[in-house]
Amino acid sequence: MHPAPADPADPDPADPDRVDPAALRARAAAVPPVESRLQRLSDEADGFMPVDEGAALHRWARVALDQAPAPLLEIGTYCGKSAILLGAAARSAIGRAGAPPVVLTLDHHRGSEENQAGWEHHDPSLVVPGLGLMDTLPRFRTTLAATGLEDVVVPVVGRSRTVASFWTTPLSLVFVDGGHAEEHAQGDFEGWAHHLVRGGLLAVHDVFPDPADGGQAPWHVHQRALATGCFVEVDHVGSLRVLVRTRGEAGEPLEG
């Protein structure tokens, strides 16, 4: 982990409801690793999550659930590689939270831009014969069934903007890992980040400050979140950035 320095957006230390990023980092460092069977199933699942970044995602998901028993939301399921890690965090939190935690994993399951035919990450076995469209949902459900996590990981099938348009439930973590085009990444931020509770976590994957390393839309989301003054970065592992909401309450706008 690479702890971030103190941020001027951090609230007044005298505030009794202050979110303490240093305390959150200490709690994340103490989270046990993913149970070995679930880690193996995640490693075997199709997807694009490096092991060290996945371990960090799991740690911070557990911290989020200890902060608040609100659901976790993953945007961009693909075939379930990271959903297993989030589900492992939820399963380990059962009995300690006020209510059984739930992971909602949202995807239209037609594949992102880079998953389409002719692109680098296209898998022709995921194309529906005779239809010509991708469908990752059956493989995800098969992957999830093998984990025994179907009681805590709930698939939501639809487009992010559509589902966000009627969403009202507070969230403890939002993991942005859907379409990496500017329109989709910004739409995910606009639709979901304001539903985080104070102390909730915004995790953004595939963040590359240097355009030579990757697409810029997730980096722009990361920078936009910091610019609101409502978030402080608490971790940076590979291309995964984790920010905590330090101002406002779930449902309140992040930007003026």
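Here are some short exercises on this predicted model, each with a worked solution.

## Exercise 1: Confidence

**Task.** Find the average pLDDT of the protein chain, and find what the model shows over residues 3-8.

**Solution.**
- Step 1. The average pLDDT of the protein chain is 89, and 85% of the residues score at least 70.
- Step 2. Over residues 3-8, the pLDDT falls below 50. Beyond near neighbours in sequence, this stretch has six contacts in the model.

## Exercise 2: A hairpin

**Task.** Work out how strands β6 and β7 pair, and describe the hairpin they form.

**Solution.**
- Step 1. Locate the strands: β7 covers residues 240-245, and β6 covers residues 231-237.
- Step 2. Look at the pairing. The two strands run in the antiparallel sense, with six bridges between them.
- Step 3. Pick out one pair of facing residues: Phe231 stands opposite Arg245 in β7.
- Step 4. Move to the turn. Two residues lie between the strands, and Gly238 takes a positive phi near 60°.
- Step 5. Ask how covered β6 is. Of its seven residues, six are buried.

## Exercise 3: Charged pairs

**Task.** For the salt bridges Asp20 with Arg18, Arg198 with Glu249, and Arg241 with Glu233, decide whether the partners are buried or partly exposed.

**Solution.**
- Step 1. Recall the idea: side chains of opposite charge can pair when their charged atoms come close. The structure holds ten salt bridges.
- Step 2. Start with Asp20 and Arg18, whose side chains meet at 4.0 Å, N to O. Partly exposed means between 20% and 50% relative accessible area. Asp20 has 32%, so it is partly exposed. Arg18 has 27%, so it is partly exposed as well.
- Step 3. Take Arg198 and Glu249, where the closest N and O atoms are 2.9 Å apart. This pair links distant parts of the chain: Arg198 sits in strand β5 (residues 196-204) and Glu249 in the segment after β7, 51 residues apart. Arg198 has 27% relative accessibility and is therefore partly exposed. Glu249, at 37%, is partly exposed too.
- Step 4. Finish with Arg241 and Glu233, with 3.2 Å between the closest N and O atoms. Both of these residues are buried.
- Step 5. Salt bridges can also share partners: Arg161, Glu190, Arg224 and Glu255 are joined in this way into one network.

## Exercise 4: A charge without a salt bridge

**Task.** Asp235 has no salt bridge; find the nearest side chain of opposite charge and a polar contact that Asp235 makes.

**Solution.**
- Step 1. Place the residue: Asp235 lies in strand β6 and is buried.
- Step 2. Check the charge. The nearest side chain of opposite charge is Arg59, at 4.3 Å. A salt bridge needs the nitrogen and oxygen within 4 Å, so this pair does not count.
- Step 3. Look for a polar partner. The side chain of Asp235 makes a polar contact with the side chain of Trp60, at 2.8 Å.

## Exercise 5: Helices and their surroundings

**Task.** Decide whether His58 and Ala227 are buried or exposed, and find what covers the buried residues of α7.

**Solution.**
- Step 1. His58 is found in helix α3 (residues 51-67). Its relative accessibility is 4%, so His58 counts as buried.
- Step 2. List the contacts, leaving out residues up to four places away in sequence: His58 touches Val31, Pro32, Pro33, Val34, Leu85, Ala88 and Ala89.
- Step 3. Ala227 belongs to helix α8 (residues 217-227). With 65% relative accessibility, Ala227 counts as exposed.
- Step 4. Turn to helix α7 (residues 182-192), whose buried residues include Phe189 and Trp192. The cover over the buried residues of α7 includes β1, β2, α6, β4, β5 and α8.

## Exercise 6: Positive phi in loops

**Task.** Find the phi values of Tyr78 and His109, and decide whether these residues are buried or exposed.

**Solution.**
- Step 1. Tyr78 is in the loop between β1 and α4. Its phi is near 55°, a positive value in a residue other than glycine.
- Step 2. The relative accessible area of Tyr78 is 12%, so Tyr78 is buried.
- Step 3. His109 is in the loop between β2 and α5. Its phi is positive, about 65°, although His109 is not a glycine.
- Step 4. With a relative accessible area of 2%, His109 is buried.

Terms used: Residues are numbered from 1 along each chain as its sequence is written. This is a predicted model: local features need pLDDT of at least 70, side-chain atom pairs count only at pLDDT 80 or more; totals for chains, interfaces and linings use all residues. Side-chain values use heavy atoms; hydrogens and water are left out. Buried means under 20% relative accessible area, exposed over 50%, partly exposed in between (1.4 Å probe, protein chains only). Helices (H or I, at least four residues) and strands (E, at least two) are DSSP runs, numbered from the N terminus. Two strands pair if DSSP finds at least two bridges between them. Contact means heavy atoms within 4.5 Å. pLDDT is the predictor's confidence in each residue, from 0 to 100. Lys and Arg count as positive and Asp and Glu as negative; His and the chain ends are not counted. A polar contact is a pair of N or O atoms within 3.5 Å; within protein, one must be able to donate a hydrogen and the other to accept it, and residues adjacent in sequence count only if both atoms are side-chain atoms.
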